[in-house]
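Colleague: Could you take me through one part of this model in detail? I would like to follow the charged pairs and see how their surroundings fit in.

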Amino acid sequence: PKLVRTQEEFQRKLFRDFGVVARDKAKSLGYSHPEEPKFAVLKLPDDPCSTAHCPDLGNILLSEGVQPGLPLYIAFSSADAVKQYQSRMQGGVLETVFTVVTKDMLDPGQHDETTWAALDFMTAEGAGMFVGPSRSIFSSLVLLSRQRMKFEAFHFDGRITMLEEDGILRPEKSTAVPMLRSPLKWVFSLSLGAKTSSAWNMTLAAVRSASISPESLVPVCLTDAAPMSELAHGMVQMGVRVLYHRPDWMDKMKPIFNRWKRKSDKKWKFAFPDFDGTRGSLLRIDIPIVGFLDHFVLYTDVDIIFQRRLNWETILQTDVESFMREATEATEAGETIYGKPGYLGLPEFFAMSTEFQQSSNRDKMDTGVMLMNLRNLQGTYQNFTDFLFDPNRAWDFNTA
């Protein structure tokens, strides 16, 4: 009973001291006010990111729809530990967009480690949202407990819990991210200068057209604009999930682009007469590494209009249950689950088509609409960008 009272007091203090701060910060960035006085809990990984491109945890939370208006309590961490972790990540989105709270900001030195561990577990179990790493016993137990209570939770690395993976516990429903998630994420990209260009009006039209099927399509904007920019504010207010990212290759891209543009005789070069205009489109190259948990996302340029409902049944021309059953049988038989070029199915890397007339001519292909296999594209990202931004290589192709 004493621990329960301590936990209840701790949660009241968490929301009392930081609820208004989180709400006002989120409001200044264009986000709506949370309907209920809740908070979210995040457990940082014990080990640093081991990959070459570590996504910002803030972008992962934003892509999954975690509300910045909720105070974000970091379990088992101090303010210094959070700053140290953020220094190894790209972008600093977590602390820029979210109101991060740690135990030393609430009750420094008031409880021993055992009491804090119990408080953190109980707080995470009852929070409005919980996010943590899959290779953590704490996170695994919290996620499984919340799954039984039908509370929202996910692993920010997209993997199943270590307890499920190791066969220690078998939940009624797998904690794995489904291959075909619904609603489908629709991703587009905008540069920070888009607000003053024709791309902005095209984006507004595209986003409004996507609202015809809000239950099957989630709009996500990838931008190099700042969270407090007019561009980001406008997108957020339209219900778009905005991710913030500046590619490592941005600086070395400009001279390569200018050299290619001088040599190119392709008519589309006049659509974006300068590098800043093209930069937003090229941001799509980094979609696989910014933190999406999804296996597949739909990418489009901003000059499109959705004319009807779009979902997996529309894309695959069959129901998801039948497709997944056939995919499971193919996997067990050692066969590929990916479709051949020119046929219906999932792409091994990405699927695209021609712009106006159906054709198998590669010179006529257009990457303005793509179904992207993010899991496989992550594995080829470094080789692809090394090829694409090699200063000694001349761009002699028209699809980039």
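Modeller: Happy to! A salt bridge here is a side-chain nitrogen of Lys or Arg within 4 Å of a carboxyl oxygen of Asp or Glu. Please keep in mind that this is a predicted model. By that rule the count comes to 14 salt bridges.

Let us begin with the pair Arg 181 and Glu 64, whose side chains meet in a salt bridge at 2.8 Å, N to O. Arg 181 sits in the loop between H7 and S6, while Glu 64 belongs to the loop between helix H2 (57-63) and S2, so this pair ties together parts that are 117 residues apart in sequence. Is Glu 64 buried or exposed? With 14% relative accessibility, Glu 64 counts as buried. The pair is also part of a network: salt bridges that share partners join Glu 64, Arg 181, Lys 185 and Asp 294.

Two other salt bridges make a useful companion to this one. Arg 16 and Asp 17 meet through their side chains at 3.5 Å, N to O; Arg 16 is exposed, with a relative accessible area of 55%, and Asp 17 is partly exposed at 30%. Arg 23 and Asp 24 form a salt bridge at 3.4 Å, N to O. Both of these residues are partly exposed, Arg 23 with a relative accessible area of 32% and Asp 24 with 39%.

Now to the surroundings, starting with the sheet that contains S2. Five strands form this open sheet in the order S3-S2-S1-S4-S5, and the pairing is parallel. Strand S3 (100-101) and strand S5 (153-155) stand at the edges with a single partner strand each, so one side of each has no neighbour in the sheet. S2 (residues 72-75) is joined to S1 (residues 40-43) by four bridges, and Leu 42 stands opposite Ile 74 in S2. On to S4: S1 and S4 pair over three bridges, with Met 129 of S4 as the bridge partner of Ala 40. Three bridges also join S4 to S5, where His 155 is the bridge partner of Gly 132. Within S4 (residues 129-132), Met 129 and Val 131 point one way and Phe 130 and Gly 132 the other, and all are buried.

The loop that holds Arg 181 also holds Ile 168, placed between helix H7 (162-165) and strand S6 (184-190). At 57% relative accessibility, Ile 168 counts as exposed. Together with Ile 137, Leu 141 and Leu 169, Ile 168 forms a nonpolar patch on the surface, with about 360 Å² of accessible area together.

S6 leads us on to helix H9 (residues 230-237), where Leu 231, Ala 232, Gly 234, Met 235 and Val 236 are buried. Their cover includes S6, H8, strand S7 (217-223) and strand S8 (241-244). Met 235 deserves a closer look: leaving aside neighbours within four places in sequence, the contacts of Met 235 include Phe 188, Leu 190, Trp 200 and Val 242. In the largest nonpolar core, which has 89 residues, Trp 186 and Met 235 touch the most other members. Helix H8 (residues 198-210) gives the largest share of this core, six residues. Apart from it lies another core, of 16 residues, including Phe 10, Tyr 73, Val 101 and Phe 138.

How values were computed:
Residues are numbered from 1 along each chain as its sequence is written. This is a predicted model: local features need pLDDT of at least 70, side-chain atom pairs count only at pLDDT 80 or more; totals for chains, interfaces and linings use all residues. Side-chain values use heavy atoms; hydrogens and water are left out. A nonpolar core is a set of buried Ala, Val, Leu, Ile, Met, Phe, Trp, Tyr and Cys residues joined through side-chain atoms within 4.5 Å. Buried means under 20% relative accessible area, exposed over 50%, partly exposed in between (1.4 Å probe, protein chains only). Helices (H or I, at least four residues) and strands (E, at least two) are DSSP runs, numbered from the N terminus. Contact means heavy atoms within 4.5 Å. Patches are made of residues with over 30% relative accessible area and no salt bridge: like charges are joined within 9 Å, nonpolar side chains (Val, Leu, Ile, Met, Phe, Trp, Tyr) within 5 Å. Accessible areas come from the Shrake-Rupley method with a 1.4 Å probe; for residues, only the protein chains shown count as cover. Two strands pair if DSSP finds at least two bridges between them.
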